[in-house]
Amino acid sequence: MRRTRWTSAVTWFIAAAVASWVAGDLLLRHLGWVPVLTPWGAVTALVIAGIVLVCGLAVRRVCGLAVRRLRAHERTWITPTGAATTAAAAQASAIVGAVLGGVYAGGIILALVTPRSPAMTHLAWTSVGCLIACLVWCVVGFVVEQWCSISGDGDDDGSSGSSGRAPEGPGAPA
C-alpha cells in the first residue's frame, strides 16, 4: 500500500475549497441562502480522529512484538487484517479530513467576501471550528499511517531493498 502524499491532500483541500465557495456563492446569489452549518461536523471529525488515533497507538505500541509473534505463528491480539484496517482508516482519514476541511474553508471564504450579516458571522465561526477539527483529523491520519508502516524503504516506489537494485555478491542470483 502506498503512503498518502501531503501534496495530494493539499490538492484535494484546494479543490474542495474552491468548489464549496463557488457552490455557496451560486446558492447565495440565485436562491438567497446558504446551508446552515452546525458544530456537529467538528464533533464528528474529532471523534473519528480519536478512534483512528487510539487504534494507531495500539498498533504502534505492540507492532514490534506482534510482528515477531505473527512470524513465529504465535497468538497475538493484533492480526494482520486489524493492522491493515487501521492503516486504511488512517489513509482515508488523511484524505477525507482534507476534503471536508476544504469544504469548510470554502464556507470561510464565502463568509469573508459577502456583506456582513448575522448568518455570515455564524457561518464563519462554525466553519473555522469545523476546519480546525478536520485539519486535526487529517494530521492524525498522516501520523497513524506513518506508525502503521512496516518499513520505510521500498513502500513508495514499489522497489525491493533500500536502493531498489538487485543484490550483488556471491549469494546473489545470476
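What percentage of the 174 residues in the chain do buried residues make up? I looked this up before anything else, and I note that buried residues make up 33% of the chain. I also keep in mind from the start that I am reading a predicted model.

**Entry: confidence**

I checked how far the predictor trusts its own model, and I found that the chain averages a pLDDT of 80, with 74% of the residues scoring at least 70. Going through the chain, I saw that confidence is highest in α1, at a mean of 92, and lowest in α2, at 79. I then turned to residues 152-167, where pLDDT stays under 50 and where the model has 15 contacts beyond four places in sequence.

**Entry: overall layout**

I counted 4 helices and 0 strands in the chain, and when I read along the sequence I wrote down the pattern α-α-α-α. I next asked how contacts are spread along the sequence, looking at those with a separation of 6 or more, and I found that 80% of them join residues 24 or more positions apart.

**Entry: helix α1**

I followed α1 from its first C-alpha to its last and noted a reach of 37 Å for its 26 residues, which is close to the 38 Å expected at 1.5 Å a residue. After the helix comes Gly32, and I noted that its phi is positive, near 80°.

Which residues of α1 are buried? I listed Ala9, Ala16, Ala17, Ser20, Gly24 and Asp25, and I found α3 and α4 among the elements that cover them.

I chose Ser20 for a longer look, since this serine lies in helix α1 and has a relative accessible area of 18%, so that it counts as buried, the cut-off being under 20%. Leaving aside neighbours within four places in sequence, I found Ser20 in contact with Gly102, Val103, Gly106 and Gly107.

**Entry: the salt bridge**

How many salt bridges does the structure hold? I found 1, and it is formed by Asp25 with Arg29, whose closest N and O atoms are 2.8 Å apart. I looked at where the two partners sit, and because they are 4 residues apart in helix α1 (residues 6-31), Asp25 and Arg29 are separated by about one helical turn. I also compared their surroundings: Asp25 is among the buried residues of α1, whereas Arg29 counts as exposed at 65% relative accessibility.

**Entry: nonpolar cores**

I had read that nonpolar side chains tend to be buried together in soluble globular proteins, and I went looking for such groups here. The largest nonpolar core has 20 residues, and I noted that Ala45, Val52, Tyr104, Leu131, Val140, Val144 and Cys148 touch the most other members. I traced where the members come from and saw that α2 (40-71), α3 (80-113) and α4 (118-147) each supply at least two residues of this core, while α4 gives the most, with 8 residues.

I looked more closely at Ala45, which, leaving aside its neighbours within four places in sequence, is in contact with Ala133, Cys134 and Trp137. I then found a second, separate core of 6 residues, which includes Val34, Leu110, Met120 and Leu123.

**Entry: cysteines**

I searched for disulfides and found 0 in the structure. Cys130 is in no disulfide, and the nearest cysteine sulfur, that of Cys134, is 6.6 Å away; this is why I leave the pair out, as a disulfide needs sulfur atoms within 2.5 Å. I compared two cysteines for accessibility, and I noted that Cys130 is buried with a relative accessible area of 0%, whereas Cys55 is partly exposed with 33%.

**Entry: Thr38 and Glu145**

Where is the place of Thr38? I found Thr38 in the loop between α1 and α2, partly exposed with a relative accessible area of 41%. Not counting residues up to four places away in sequence, Thr38 touches Thr126 and Cys130. I noted that Thr38 and Cys130 are 92 residues apart in sequence and 8.7 Å apart in space, C-alpha to C-alpha.

Is Glu145 buried or exposed? I placed Glu145 in helix α4, and at 6% relative accessibility I count this glutamate as buried. Its contacts, again not counting residues up to four places away in sequence, are with Arg2, Arg3, Thr4, Ala90 and Gln91.

Technical notes
Residues numbered from 1 in each chain as written. Heavy atoms only, no water. Salt bridge = Lys/Arg side-chain N within 4 Å of Asp/Glu carboxyl O. Buried < 20%, exposed > 50% of the residue type's maximum accessible area, 1.4 Å probe, protein only. Core = buried A, V, L, I, M, F, W, Y, C linked by side-chain atoms within 4.5 Å. Contact = heavy atoms within 4.5 Å. pLDDT = per-residue confidence, 0-100. Expected span 1.5 Å × (residues − 1).
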